[in-house]
Amino acid sequence: MTKPGSHAEREGSQAELIRRSLKRRYRKERRFRLYGITAISIALFSLVILFTDIISKGYTGFIKTTVTLEVHLDGELMYLNDASDPEQIAIADFQAPIIRAMQAYFPEASSRADMRELSRMTGSYASNQVRDLLKENPDWLGTTRTIEFPAHDTVSVYVKHAGDPGYSIRLTEQQQRWTDELLSKGVIDTGFNDVFFTSGDSREPSNAGILGALVGSLLTMGITLVIAFPVGVAAAIYLEEFAPSNRLTDFIEVNINNLAAVPSIIFGLLGLAVFIGLFGMPRSVPVVGGLVLALMTLPTIIISSRAAIKSVPPSIREAAEGIGASKMQVVLHHVLPLAMPGMLTGSIIGMAQALGETAPLLLIGMVAFIVEIPDGFFSSATVLPVQIFIWAGSAEQGFVELASAGIMVLLAFLITMNAFAIWLRKRLERRW
């Protein structure tokens, strides 16, 4: 016989089990949320550290240090009688008037050692600057002109980083005293580094800029876009809409997915072997770089384009076919316009990934020292990530801040491209 109250006791125990089970579920849910918040917090904290480190090292790259001097262009001092004579220009001493202008502030600096130290206050190309000015203006010979020179790298580091343990000061004590005095007189000054955006690479940090790398990146990305986007979209349309379902199609799809995970340096080896080794194309040109990056970007564009095509409802195709449209008309007039926002988004993200690539371009020679701004697709060029790589490996301390400044510019481009992709997706997105 069942004892009185046993049914009620069983119901009570079952209810207690359910309450305990619910408490455990809620605890697990709270822990899961806590894990998620912790992971996001760690990611954001790491991102803040990254940006803080880059900005703290790179903001001074947008600042230049200059020395403004009253230079008397004395022909006798320079051994130059005629500034329009190329032979005299070739042997003239253009450093002498700069040293004389510096001695006007420090008359006691008269020995050879002092003059050598004075000559190291301005950049290595200061004499070239005087030469170029006289070649352009021969009538300046014998006159006094106010000329602004880039300061030497060691002077610039001292002015911008004195007291910073991360930078070693390489000026002598005498040069430091001279620099402090010239700073107090306004002869040495700092300002916005326009040279960084208007010049190509240089052996001297004060004369180095990213314009050549930016133009090279734009030319390379242009080739990549022209090749990868139409080929990737056409391949996605064929595989999704026209290709028969068989083993060959499955084999192609598997290989496309595998190619998306291949390390980028493999594409560099492929470009080196095929485009340069087999077809004999020149090294270090945007055409080869664009072809290599197009091969690397194609799988990403194909996969994203296929996903965009799949997102178009079948009812769109059925309605178009119901009114007599051919398969090609259905795809071109109905499916493709609706899938284009997703295709563009995937292509922009793929291009942003290609813009930040360095390894494949190193193998095809785009690591060369390029001073001139490239003027065509077959001109020697480098790209912004490779330029940053070159500067980061340089011994001069001034290139450290230039590398960080270049990273800031590259990040700005990548963030802009990704933000544009997000805006484009939100702007053109259709919900079914």
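Select D153 to begin. D153 sits in helix α7. The model on screen is a predicted one. Is D153 buried or exposed? Its relative accessible area is 9%, and buried means under 20%, so D153 is buried.

Keep D153 selected and show what surrounds it. Setting aside neighbours within four places in sequence, D153 is in contact with E204, P205, E396, Q397 and G398. Now add V386 to the view. V386 and D153 are 233 residues apart along the chain. Their C-alpha atoms are separated by 22 Å.

**Helices α7 and α8**

Widen the selection to residues 153–161, which is helix α7. Then add residues 173–184, helix α8. The axes of α7 and α8 come within 11 Å. They cross at roughly 65°, and the crossing is right-handed.

Which residues meet here? Show V155, Y158 and V159 on the α7 side. On the α8 side, show Q176, T179, D180 and L183. Colour this contact by class, and 4 residues are nonpolar, 2 are polar and 1 is charged.

Stay on α8 and pick Q175, which lies in this helix. Q175 has 5% relative accessibility and counts as buried. Look for its partners beyond four places in sequence: Q175 touches E117, R120 and M121.

**The sheet**

Next, select three strands: β1 at 63–72, β2 at 144–150 and β3 at 188–192. What order do the strands take? They form an open sheet in the order β2-β1-β3, with antiparallel pairing. The edges belong to β2 and β3, each with a single partner strand, so one side of each has no neighbour in the sheet. From one strand to the next, the twist averages 35°.

Strands of a sheet pair through backbone hydrogen bonds. Zoom in on each pairing in turn.

- β1 with β2: 7 bridges join these antiparallel strands. Pick T68, whose bridge partner in β2 is E148.
- β1 with β3: the pairing is antiparallel, over 5 bridges. Pick T66, whose bridge partner in β3 is D189.
- For another pair, select I63, which stands opposite F192 in β3.

Now bring back two helices around the sheet. Helix α4 packs on the sheet and touches β1 and β2. The direction of α4 makes about 95° with that of β1. Helix α7, where the tour began, also packs on the sheet, touching β1 and β3. The direction of α7 makes about 125° with that of β1.

**Helix α4**

Select residues 96–103 to isolate α4. How many of its 8 residues are buried? The count is 7, so α4 is largely enclosed by the rest of the structure. Highlight A96, P97, I98, I99, A101, M102 and Q103, which are the buried ones.

What do these buried residues pack against? Two of the strands, β1 and β2, are among the partners. So are the helices α2 (75–78), α5 (112–119), α6 (126–136) and α8. Show these elements together with α4 to view its surroundings.

**Helices α17 and α18**

Move along the chain to residues 384–392, helix α17, and residues 398–428, helix α18. Their axes are 8 Å apart, and the helices pack at an angle of about 160°. An angle over 145 degrees counts as roughly antiparallel, so α17 is roughly antiparallel to α18. The crossing of α17 past α18 is left-handed.

Show the side chains that make this contact. From α17, take L384, P385, I388, W391 and A392. From α18, take F399, L402, A403, G406, I407, V409 and L410. Colour by class again: the contact has 11 nonpolar residues, 1 polar residue and no charged residues.

**Last stop: R30**

Finish with R30, in helix α1, which covers residues 6–58. Is R30 buried or exposed? At 52% relative accessibility, R30 counts as exposed. Add L355 and draw a distance between the C-alpha atoms of the two residues. They are separated by 41 Å, with R30 and L355 lying 325 residues apart along the chain.

Methods. Residues are numbered from 1 along each chain as its sequence is written. This is a predicted model: local features need pLDDT of at least 70, side-chain atom pairs count only at pLDDT 80 or more; totals for chains, interfaces and linings use all residues. Side-chain values use heavy atoms; hydrogens and water are left out. Buried means under 20% relative accessible area, exposed over 50%, partly exposed in between (1.4 Å probe, protein chains only). Helices (H or I, at least four residues) and strands (E, at least two) are DSSP runs, numbered from the N terminus. Contact means heavy atoms within 4.5 Å. Axes are lines fitted to C-alpha atoms, for helices over the stretch in contact, and angles run from 0 to 180 degrees between N-to-C directions. A crossing is left-handed if the near helix is turned anticlockwise from the far one by less than a right angle, and right-handed if clockwise. Ala, Val, Leu, Ile, Met, Phe, Trp, Tyr, Cys and Pro count as nonpolar, Asp, Glu, Lys and Arg as charged, and the others, Gly among them, as polar. Two strands pair if DSSP finds at least two bridges between them. Angles under 35 degrees count as roughly parallel, over 145 as roughly antiparallel, 65 to 115 as roughly perpendicular and the rest as oblique.
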